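Welcome to a short set of exercises with worked solutions. Take each task in turn, try it on the model yourself, and then read on.

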Amino acid sequence: MKHISKRKLSAFLDGEVCKEEKHRISEHVKSCASCQKEVDRLSYVSHSLDAMEEVQASPYFMLNLKQKIIERESKRAIRLWFLEEINRVLIPVLEGMNRILIPAGATALFLVSLLCGSYLGTSIYQIKGLKVLPTREGFDNFFSITLFDNFPEGSLGNAYALLSMEGERQ
């Protein structure tokens, strides 16, 4: 059973729901102890508030409230002005740095990859004790690569394998 929200129960007690909903809520409250307990609590609060004396606001209350709102909004406007100035100065600087940092980073990544590949290639030849470049079969056997040997006829992989074998024959 789905319980009725406090907001709906409060609206029900205040007579702010339509006739069908009022009937549905009252039927639910009769059969649901949890919602009945909530209705009792809300009724208690409502009756307690009705029993309190009405408080008269100071004649300066609205004036003071408006003044505080104006002060808060002016402080916010100053903060926004400050943020706008930071954005105006900082964003072009960051955009200029991106023009330098991205190519520099890509170049550094390329150089690191080149050094790693060179080191790896040198290490492999030293391990195998080879002085000349191995053939494709020797390379495939060394790395146990047979995955690319069985391509279907006419596929891109098959065309690549045929081209690489032709390169070895020359």
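**Exercise 1. The whole chain**

What percentage of the contacts in the protein chain with a separation of 6 or more comes from residues 24 or more positions apart?

Solution. Before counting, note that this is a predicted model, in which local features need pLDDT of at least 70 and side-chain atom pairs count only at pLDDT 80 or more, while totals for chains, interfaces and linings use all residues. Residues are numbered from 1 along each chain as its sequence is written, and side-chain values use heavy atoms, with hydrogens and water left out.

Step 1: take contact as heavy atoms within 4.5 Å. Step 2: among contacts with a separation of 6 or more, residues 24 or more positions apart account for 48%. Step 3: for the fold, assign helices (DSSP runs of H or I, at least four residues) and strands (E, at least two), numbered from the N terminus. The protein chain then has 6 helices and 0 strands. Step 4: of its 170 residues, 12% count as buried, that is, under 20% relative accessible area with a 1.4 Å probe, protein chains only.

**Exercise 2. Two helices that meet**

Describe how α1 and α2 pack, and find the residues that make the contact.

Solution. Step 1: fit axes to the C-alpha atoms over the stretch in contact, and take angles from 0 to 180 degrees between N-to-C directions. Helix α1 (residues 6-13) and helix α2 (residues 19-31) pack at about 110°, their axes 11 Å apart. Step 2: α1 is therefore roughly perpendicular to α2, a label for angles of 65 to 115 degrees. Step 3: on the α1 side, Lys8, Leu9 and Phe12 make the contact, and α2 brings Glu21, Lys22, Ile25, Ser26 and Val29. Step 4: look further at phenylalanine 12, which, leaving aside neighbours within four places in sequence, touches Val17, Lys22, Ile25 and Ser26.

**Exercise 3. The core**

Which residues form the largest nonpolar core, and which element gives the largest share?

Solution. Step 1: collect buried Ala, Val, Leu, Ile, Met, Phe, Trp, Tyr and Cys residues joined through side-chain atoms within 4.5 Å. Step 2: the largest such set has 10 residues, namely Ile4, Leu9, Ala11, Phe12, Val17, Ile25, Val29, Cys32, Cys35 and Val39. Step 3: α1, α2 and α3 (33-51) each give two or more residues to this core. The largest share, 3 residues, comes from α1.

**Exercise 4. One alanine**

Is alanine 161 buried or exposed?

Solution. Step 1: place alanine 161 in helix α6 (residues 156-169). Step 2: its relative accessible area is 10%, so alanine 161 is buried.

How values were computed: Parallel < 35°, antiparallel > 145°, perpendicular 65-115°, else oblique. Buried < 20%, exposed > 50% of the residue type's maximum accessible area, 1.4 Å probe, protein only.
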